Structures are given as structure tokens and as C-alpha cells.
Amino acid sequence: MKIAVIPARGGSKRIPRKNVRAFHGRPMLEWPVRAALQTGLFDAVLVSTDDEEIAETARAAGAQVPFLRPDALADDFTGVVPVIAHAVTAFEDASGQGVELTCAIYATASFVQADDIRAGHDALVAAPGQDYAISVTPFAFPVQRALKRVETGAGPGLAPMQPEFIASRSQDLEPAFHDAAHFFWARRAALAGQAPVFSPKSIPIEIAPKYVQDIDTPEDWARAELMFAALHPHDGGPAPS
């Protein structure tokens, strides 16, 4: 079997209740649920949550919530891999069937595209020696030319983090990527063994920067609304005023 698991706990602090807050006309959680369903890949689309309101929102969007996540996996310090592994085991126990591949899709991945999820699936299936396929996106500026603050006798100043690259042309530097926080596909054994997600055994699935925006602060949320409205002006409700 292939399942999607969307982890969505109720304890968001920087943007309270962000998983069920309206984003471009729909609860935030509904966007990744819709993308998962649109792929046509999954035997089940699950939401792992500790919160009844989130569970009701998930079911209304078309996802399954066959269990509530235990409190021990719903604090600020639990990583995503143990949460996904728990959901897979709970689903297997309830269904009596084994899960071969799982796609973890983030609850705030409102920009996630069904085609990108399919691309991750196809890449992992084609590489049986790999553990994961992960959404990534390039940094907007060469990380080798990053600057840092320094203190001098005359006051605060700047210094290059890697002085050997400060005069290099951007096109001559190796591209660098960061987690796009859309999804990752995982094999059952990798989850069971809690294999590291960022390693040479993880296939990068590159996401266009226009579809990537972290949503951790009110400023992030406002920027994401504007980006989403520009990309989907007629999808999901009125554009933000």
C-alpha cells in the first residue's frame, strides 16, 4: 500500500490554530489534503493530529483520521519521522495491511503541487537503494557568499563567512538547496529505523521557488497569501484584500 500522512498538531504558538485558519478561502490544512487526493496515488490520505477540531477539518476535506496522535508525539520537540512512523504502524495495525511507501506532506504546504508529489514517488520507485525522496528548493543567493556580523572597536561590522568565495561569480559557485517543506516520500524500513532524512540516501525533488514559502510568522502568512493569490487568482475563494 501507499499512504499519505499529513502531521497537523494543535499546538502552534507563533500563529495560533494555523492548520485550520482560513488561507485563500479554505482551511490551511485543506490545500495539502486536496493535492494528495489529486495525485491518485494513495490507498489512504491520513491526518495525524492530537486535536479534534483539526480532525474534523481533515475529514471535511476528504482525509481520514482513524486515531488521535498520543500526547508524547505532540510536543514542541518531537521530530516528524517518529510521528509519521507512528501513523504508519497505527494504520497497519488497524487495516491489517502493510504499507510499502509513505508520503509525509506538511500541513502548511498550501503551495504543494500534485505533480511534484508524483515526481517524488516516481523517483523513489526508480531508485530502490534510496530511502527517501524530498522536496527541496535552491537558495535565492549563493550561500558561499554569506556575510556575518562582527564586532569591531569602532562598532558593528560585516565579514564574509567564506572569504575564499566572496569575489567569485554566482554562476561559478555550486548550487545550494534547502528543504522546501512540502513533502518527503519514505520507504517502510527507513521510517522503522528512523533513518536520517537528509543524507546521500535521499533523492532531491526540486521545487520552483515561486511555490515555496515558510509560514511561521504573521509576516510569512501575509506574504504567502499574496503569492498564492498571484498564482491561483480564481482558485479557492477571494484574493486577500
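His-182 touches Ala-104, Ile-105, Tyr-106, Ala-109, Phe-111, Val-112, Ser-135, Ile-207, Tyr-211 and Val-212, leaving aside residues up to four places away in sequence; contact here means heavy atoms within 4.5 Å. The model is a predicted one, in which local features need pLDDT of at least 70 and side-chain atom pairs count only at pLDDT 80 or more, while totals for chains, interfaces and linings use all residues. Residues are numbered from 1 along each chain as its sequence is written, and side-chain values use heavy atoms, with hydrogens and water left out.

His-182 belongs to strand 9 (residues 177–187). Strands (E, at least two residues) and helices (H or I, at least four residues) are DSSP runs, numbered from the N terminus. With a relative accessible area of 3%, His-182 is buried. Buried means under 20% relative accessible area, exposed means over 50%, and partly exposed lies in between, computed with a 1.4 Å probe and protein chains only.

**The sheet**

Strand 9 is part of an open sheet of six strands, ordered 4-1-5-9-6-10 with mixed pairing. Its edge strands are strand 4 (44–48) and strand 10 (202–206), each of which pairs on one side only. From one strand to the next, the twist averages 25°; the axes are lines fitted to C-alpha atoms, for helices over the stretch in contact, and angles run from 0 to 180 degrees between N-to-C directions. Two strands count as paired if DSSP finds at least two bridges between them.

At one edge, strand 1 (residues 2–7) runs parallel to strand 4 and is joined to it by five bridges. There, Ile-3 has Ala-44 of strand 4 as its bridge partner.

Strand 6 (residues 132–138) is mostly covered, with six of its seven residues buried. It pairs with strand 9 in the antiparallel sense over six bridges, and Ala-133 has Trp-185 of strand 9 as its bridge partner. Strand 6 also pairs with strand 10, in the parallel sense over five bridges; here the bridge partner of Tyr-132 is Ser-202.

**Salt bridges**

The structure holds 10 salt bridges, each defined as a side-chain nitrogen of Lys or Arg within 4 Å of a carboxyl oxygen of Asp or Glu. Three of the pairs are listed below.

| Pair | Closest N and O atoms |
|---|---|
| Asp-76 and Arg-9 | 2.6 Å |
| Arg-118 and Asp-115 | 2.4 Å |
| Asp-220 and Arg-223 | 3.5 Å |

The salt bridge between Asp-76 and Arg-9 links distant parts of the chain, 67 residues apart: Asp-76 lies in the loop between helix 2 (52–61) and helix 3 (80–95), and Arg-9 in the loop between strand 1 and strand 2 (22–23). Asp-76 is partly exposed at 44% relative accessible area, and Arg-9 is partly exposed at 24%.

Arg-118 and Asp-115 both lie in helix 4 (residues 114–125), three residues apart, about one turn of the helix. Arg-118 is partly exposed, at 27% relative accessible area, whereas Asp-115 is exposed, at 57%.

Asp-220 and Arg-223 are likewise three residues apart, about one turn of the helix, and both lie in helix 6 (residues 218–231). Asp-220 counts as buried at 13% relative accessibility, whereas Arg-223 is partly exposed at 41%. In addition, Arg-14, Lys-18 and Asp-216 are linked in a network of salt bridges.
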